[in-house]
Amino acid sequence: MDFFSEISKIKTIDGALAKLEAMQPVTTKIQKALDDSIRFHDQYFRKSGEPYVVHPICVACIVAHCGGDEDMVCAALLHDAVEDTDCKIDYIKDEYGDEVCSLVDALTKIVEIRKEELTSDSNNEKLILQASSFRKMLIASIHDARVLVIKICDRLHNMLTLDALSEQKQKRIAKETLVVYAPIAHRLGISSLKNELEDKSFYYTLPDDYNKIQNEKNAKEQDLKLRLNQLTERITNLLLSNGFLRDNFKIQSRIKRNYSIHLKMQRKGISMDEMFDLLAIRIIVKNKIDCYRALGIVHIHLNPIPSRFKDYVALPKENGYQTIHTTVFDESCIYEIQIRTFDMHDGAELGMAAHWKYKSGNSNQNINLKWIKDIKENSDIAKNAQEFYEATTSDLDLYRTDIVVFGPDGRTFALPSGSVVLDYAYAVHSDIGDKAEKAFVNNQRASLIQKLKSGDIVRIEKGDTIKARHEFINSVKTSKAKIRMRIVCQNKTKEIDKRVAINILSTIFEKERSTIEESIRKCNFESKLEKAATDIAVLKEIKNRFKQEYNIDSNFFSLLRFKTLKLKDKKFDNLILYTNRNIHNLTFSYCCHPKFGDSIVALKKDQIAIVHHKLCHEANKEIYNNAQQLFIEWTKDTRKRLRFIVSFENRRGVIAEVLTILAKNGYDILQINYEGKKRGEDVDTQTSKDLKNNVLCEIVAETEHSNKKKVKDILEGKYQIKMLSDTKDAYQE
């Protein structure tokens, strides 16, 4: 029985104490924390009926398993005391000192989403609460990352004992664990915790899929283990016959974990039989040189697959992970081979905890926590909780494929696959990304949105001003680039809106810009000016006040001149103009491509309104040259239309299953195109042998704008979404 299975079966205080004593020397300080935890939690019980104190003691066991120090174990024993009992934080400080007090205080401030009154998946409030929890958890750990380790251990014990809760709570907690806790464990490099969190969450969120994979593994277990044993013996003999001593290396073997299998099947659209790395061998040696000696022996005697080689020893991952990965083909079977040192192995299993286990001091020295600081920066500039949450979780994606690019000084930067030059620029520094003007990749001039590949050497030349690049936001991959570019565009939009409002008022009254500005100051409309460019009610309020200011009502000749002062609305398809001028036509300028809902402006040319994106460079030139402008806005269309491509397993009835899920969640299906479908043929009755194992289906659907149920949230998990776009393009309309 493995360690986590043992922990999950502990139900009594004596059993928990015995396990902790077997793992960790019980110092005077730890004994006091045990006594206090038992005293404070007396008369408290878990949903399962067991004494509540069993939980903090088991959490302390997991912390000890991860190499936690004395203060971490004490904090684990007391982590719920301040929040749930009459224990005060001042007592912790007086009795245990600043270190333990700081840890317990940070853990107490992290508000977990456990309450029964949480809203359903359809309500955006849940996302906001989850994002808030996520942010607090990360920010609380900036000064001491041990907080994260204890919190993850706390969540893991909750996952190990989740059976006592209702099915609804099990699913909710498991989903949160997958998107928050497992990714953080991954970024901390603690694979032992990450793997257990994933598999437990997978079991509760998709039990049918979990059991299907487990049954397949069980059916093949004898054959798979036999193959692993044969390869282990062969590699052992190869190492021994090529100069390695038996005590200087260790070989481990494993079958891929259930959640990893599930994700790969979804991502690649393959079955379990088609997986390359279902079987893996790990070679653990004494030093780095031995890693490369072992690699040479493996490649000489087995058949390596060149495209599946990664050297994380020479170029470690951001979380400090170091291992050589290669894949070999041997006797009609494919194996993943990992090669690392014993220190690297401890680092991979324990992550940052390995630093505390083998090095003196409890600081974060030598631990890469830049990603936490980046997340804090993201949270500071994100316009809302949803934007922060979506961007950050995409950066914490466990299974994203990374590339490594070089700066001109030789520094390495790990970026998600598909990243462009601007992602690199923002990875170097926000100021370089904001002002990037020219780019060179491998000494060749390149576009700022040119995709990068591993090994590229990138150089950026920056200008003097910050550039607003709304058209590039969907091209970048990293959250830092996306959020920073959005905030730059937001700031630029605010600046433009003030000028647009003045231009519109100048056009209405046929007065010079300076006159309008003077009236704005005189009437104290400075605070409303920006809003006047986007809110017709505010514009009318200012217009009516100016009408009085210019004494138009009392001046006969002015009244004749401004007989069309009233703003009339003119509708052109998806757009409405408000103007006192004769406008006969509306057209789009093709220097920019606004989609339905984008920020737009209308320039007046004779009796034509020309529509631009508000951040269009050509439009901005005219706006800053005091061009005549009109108030414009999109119609209040209540429906949105989406086009998306879904990949799913080819089986009878699957399309009807997908369409039923969409219909139940408020989506009306307008069009469906199915790979392999023949004219007049029922797509669900076509035999699977005529098609590949996985097929693609293109769907066009409409739903209300107010519908918060996103296609990704509805379908992902069982089906893979390959593409998603909004078809409401202003030019198509």
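Modeller: Two strands pair if DSSP finds at least two bridges between them. On that rule, 6 strands of this predicted model form an open sheet with mixed pairing, in the order β12-β13-β17-β15-β16-β14.

Colleague: What makes β12 and β14 the edges of the sheet?

Modeller: β12 (568-572) and β14 (585-588) each have a single partner strand, so one side of each is left without a neighbour in the sheet. From one strand to the next, the twist averages 30°.

Colleague: How do you know that β15 and β17 pair, and in which sense?

Modeller: The cut-off is at least two bridges. Strand β15 (residues 600-605) and strand β17 (residues 629-634) have 2 bridges between them, so they meet the cut-off and count as paired. The sense is antiparallel.

Colleague: Which residue of β17 stands opposite A602?

Modeller: A602 stands opposite L630.

Colleague: What makes you say that helix α21 packs on the sheet?

Modeller: Contact requires heavy atoms within 4.5 Å. Helix α21 (residues 479-509) touches β15 and β17, and its direction makes about 120° with that of β17.

Colleague: Which strands does helix α26 lie across?

Modeller: Helix α26 (residues 617-624) lies across β15, β16 (608-613) and β17. It runs at about 60° to β15.

Colleague: Why is E196 called buried?

Modeller: Buried means under 20% relative accessible area. E196 has 9%, so it is buried. The residue is found in helix α11 (residues 191-205).

Colleague: Which residues is E196 in contact with, leaving aside its neighbours within four places in sequence?

Modeller: The contacts of E196 are F4, L156, L160 and R257.

Colleague: Why is E510 called partly exposed?

Modeller: Partly exposed lies between the limits of under 20% for buried and over 50% for exposed. E510 has 43% relative accessibility, so it falls in between. The residue sits in the loop between α21 and α22 (513-522).

Colleague: What is the phi of E510?

Modeller: Phi of E510 is about 55°, a positive value, although E510 is not a glycine. Most residues other than glycine have a negative phi.

Colleague: Where is N626 found, and why does N626 count as partly exposed?

Modeller: N626 is found in the loop between α26 and β17. Its relative accessibility is 42%, and exposed would need over 50%, buried under 20%, so N626 counts as partly exposed. Phi of N626 is near 65°, which is positive in a residue other than glycine.

Definitions and conventions: Residues numbered from 1 in each chain as written. Predicted model: local features only at pLDDT ≥ 70, side-chain atom pairs only at ≥ 80, totals over all residues. Heavy atoms only, no water. Helix = DSSP H or I, 4+ residues; strand = E, 2+ residues; numbered from the N terminus. Buried < 20%, exposed > 50% of the residue type's maximum accessible area, 1.4 Å probe, protein only. Axes fitted to C-alpha atoms, helices over the stretch in contact; angles between N-to-C directions.
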